[in-house]
Amino acid sequence: MKKNLFIAFEGIDGSGKSTQVKLLSYNLKNAGHKVYLTCEPTDSPIGKMIRDIFSHKMEADHKTIAALFVADRLDHLLNKTNGILKKLEEGYTVITDRYYLSSLAYQGTHVPIEWVIQANSLSTNLLRPDMNIYIDISPETGMERLTNDREIIELYETAENLHNVRQKYKEAIEMLKLKENIVVLDGNRAPHIIAAEIWDEVSNMTVAAK
Ligand code: ADP
Ligand code: TYD
């Protein structure tokens, strides 16, 4: 059993990832773990470029966006100051809000999924999450939660696109189920119930920190 894990949260926009990241972090810290929270797109210059495209400040082709995510993810892993590999080495349990399954689902709706898998292989050869937690909700629920929450609706945040992305997530999970540890959860329940299920899964994999 491992002491510090690398955990990725996945799901369509509004699925409750940020909410669950916070609750899991709280539970891990209570159990004595050091926790490092991070997300993709990152805050690096590459991540900023992606966010500018999403908020319509810049335009780019879907293939270019897919490639930017590949670069952002490599920097996320390898960055010497706060990269995931460094944080794991320092003993942190690292929780990321999105990792490469997001690229399979979101970019896979616009470019062939095999290309996205191949393009991400540099990252996956370096590190796969100990656990991917996929929170499943309907695109309608996602859109409803987002429109209550957001001032700007970003590039991929339409009901039709979220429907396609959810389908791609299902396809990707099916393709990768032998390679990846993926926990699928029903996100339509109350946050504390989902959090309790996540805690069951995660605490089964960690040894208690001293
Ligand atoms: P994501 O990070 O996946 O986009 P958030 O955690 O930001 O999702 O949640 C989006 C919105 O939905 C927020 O307003 C949040 O309070 C709400 N929310 C999160 N989880 C649930 C849930 N299980 N049931 C109902 N609303 C939720
Ligand atoms: P995020 O800030 O996590 O949005 P949310 O909190 O609504 O889930 O992600 C921003 C957007 O980036 C989101 O629409 C999904 C998209 N995305 C991709 O298209 N490909 C990727 O590889 C990743 C990591 C994110």
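Reader: Ala, Val, Leu, Ile, Met, Phe, Trp, Tyr, Cys and Pro count as nonpolar, Asp, Glu, Lys and Arg as charged, and the others, Gly among them, as polar. How many of each class does the shell around ligand 2 have?

Author: Five nonpolar, three polar and eight charged residues. This is a predicted model, where local features need pLDDT of at least 70, side-chain atom pairs count only at pLDDT 80 or more, and totals for chains, interfaces and linings use all residues, while side-chain values use heavy atoms, without hydrogens and water. Residues are numbered from 1 along each chain as its sequence is written, and chains are lettered from A and ligands numbered from 1 in the order in which they are written.

Reader: Which residues come nearest to ligand 2?

Author: Asp-13, Lys-17, Arg-98, Ser-103 and Gln-107, out of 16 around the ligand. A residue is near if one of its heavy atoms lies within 4 Å.

Reader: What does Asp-13 do there, in distances?

Author: One of its polar side-chain atoms lies 2.8 Å from an oxygen atom of ligand 2. For Arg-73 the distance to a ligand oxygen is 2.9 Å, and for Gln-107 the distance to a ligand nitrogen is 2.7 Å. A polar contact here is a pair of N or O atoms within 3.5 Å.

Reader: How much of ligand 2 does the protein cover?

Author: 92% of the 540 Å² of accessible area that the ligand has on its own, by the Shrake-Rupley method with a 1.4 Å probe.

Reader: Which helix gives the largest share of that shell?

Author: H5, with three residues. H2 (45-54), H3 (62-78) and H5 (100-106) each supply at least two. Helices are DSSP runs of H or I, at least four residues, and strands are E runs of at least two.

Reader: New topic. Is Ser-25 buried or exposed?

Author: Buried, because its relative accessibility is 5%. Buried means under 20%, exposed over 50%, and partly exposed in between (1.4 Å probe, protein chains only). Ser-25 sits in helix H1, residues 17-30. Setting aside residues up to four places away in sequence, Ser-25 touches Val-35, Leu-37 and Ile-95, contact being heavy atoms within 4.5 Å.

Reader: And the largest nonpolar core, which members touch the most others?

Author: Leu-104 and Tyr-169, among 30 residues. H9 gives the largest share of this core, six residues. Such a core is a set of buried Ala, Val, Leu, Ile, Met, Phe, Trp, Tyr and Cys residues joined through side-chain atoms within 4.5 Å.

Methods:
Polar contact = N/O pair within 3.5 Å; in protein donor to acceptor, adjacent residues only side chain to side chain.
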